[in-house]
Each structure stands twice: as C-alpha cells, then as structure tokens.
Amino acid sequence: MNSSLTPSSVTTPCARWITSSTATMQETDGGYKLEVDLPGFKKEEITAGLENGFLTIRAAKGLDQDETENKTNKYIRRERYAGVCERSFYVGDALTEEDIKGQFQHGVLTLYIPKRDAKTLPPQRKYIAIEG
C-alpha cells in the first residue's frame, strides 16, 4: 500500500520567477488531502498532471502578457510578478488521472488522492547463466 506521499521540488529554467508554493498533506481514512497555496493565480492558470507516478502541479502567470506591457508602457515601479510555480509529489503507479479529484477556491488548490494498493507483479524466477 502507498503509505506516504513524497514531495519533490521541481523547477524549470524558462521563467523569470520560479518558486515552489507551500503545500500541506493530510492523511485521511480513504486517502490523502493535498492543499497547495497558489495566491494570485486563476483556475485557468493552473494545471495538474500525472506521469510515471508523479503528480505535478504547475501554475504560470503573465509570462506573455508581461513582455507586451513592457513594450507599450513606461513603468517607474512595478511590483507584480510573472512566472511559474511547480511542485511534484510521488503518488505511486497505481493511480490514474480519473482517481484524483480537485478544486480551486480562494487561492488554495485542494486535491483528494485515494489510497491504492501498489501494483504487484507476478513473481518471476530469474536464472543465472552457467558456462562450461
């Protein structure tokens, strides 16, 4: 059984601002509740995907818009950010995208991840070649 989720910080070199957001993991009777703080992001700017047993949450804000505004406006001071937040969590190979449910409300992404038994492979007997 998948007894724990393992956080893994992931960054990509393509953005100006790259960070990892704060996350809270809570074990429940049927699985795990994962809350990720993403203040200032809209639901449309957030994606969550599952690949090779890793759940990856990504939020990107204003990367293309920022370049356009810099060409048309002369700012004296601008304290808004543009960039990417990305976090990955190992959830195991037994889950599919349909198993994980989520909602985004008030800047917090909440994902519900069910507990699943790890896939068991049938035992395979491995032989060592003996020469001579």
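Start with Glu-27, whose bridge partner in strand S4 is Tyr-32. Keep in mind as you look around that this is a predicted model.

That bridge is part of a wider pairing. Strand S3, residues 23-27, runs antiparallel to strand S4, residues 31-37, and 5 bridges join the two. To get from S3 to S4 the chain takes a hairpin, with 3 residues making the connection.

Now look at what else S4 pairs with. Strand S9, residues 108-114, pairs with S4 in the antiparallel sense, over 7 bridges. If you want a residue to hang that on, take Lys-33: its bridge partner in S9 is Tyr-112. So S4 is a handy strand to follow by eye, since it pairs with S9 and is also joined by bridges to S3. As you trace it, remember that side chains in a regular strand alternate between the two faces of the sheet.

Tyr-32 comes up again when you turn to the side chains. Lys-115 lies over the face of Tyr-32, at 5.8 Å from the ring centre. Elsewhere, Lys-61 lies over the face of Phe-41, and here the distance from the ring centre is 5.6 Å.

What about rings meeting rings? Searching the whole structure turns up 1 aromatic pair. The partners are Phe-54 and Tyr-90, edge-to-face, with 5.1 Å centre to centre and 70° between the planes. Phe-54 belongs to strand S6 (residues 54-61) and Tyr-90 to strand S7 (residues 83-90), so this contact ties together parts that are 36 residues apart in sequence. Are these two rings tucked away or out in the open? Neither quite fits: Phe-54 counts as partly exposed because its relative accessibility is 34%, and Tyr-90, at 30%, counts as partly exposed too.

Finally, have a look at the backbone in two loops. Most residues other than glycine have a negative phi. Asn-52 is not a glycine, yet it has a positive phi of about 55°. You'll find Asn-52 in the loop between strand S5 (46-51) and S6, and with a relative accessible area of 63% it is exposed. His-106 is another non-glycine residue with a positive phi, near 55°. It sits in the loop between strand S8 (101-105) and S9, and its relative accessibility of 76% is why His-106 counts as exposed. From that loop you step straight into S9, the strand that pairs with S4.

Conventions
Residues are numbered from 1 along each chain as its sequence is written. This is a predicted model: local features need pLDDT of at least 70, side-chain atom pairs count only at pLDDT 80 or more; totals for chains, interfaces and linings use all residues. Side-chain values use heavy atoms; hydrogens and water are left out. Helices (H or I, at least four residues) and strands (E, at least two) are DSSP runs, numbered from the N terminus. Rings of Phe, Tyr and Trp (its six-membered ring) pair if their centres lie within 6.5 Å; planes under 30 degrees apart count as stacked, over 60 as edge-to-face and the rest as tilted. Buried means under 20% relative accessible area, exposed over 50%, partly exposed in between (1.4 Å probe, protein chains only). A charge sits over a ring if NZ of Lys or CZ of Arg is within 6 Å of the ring centre and within 35 degrees of the ring normal.
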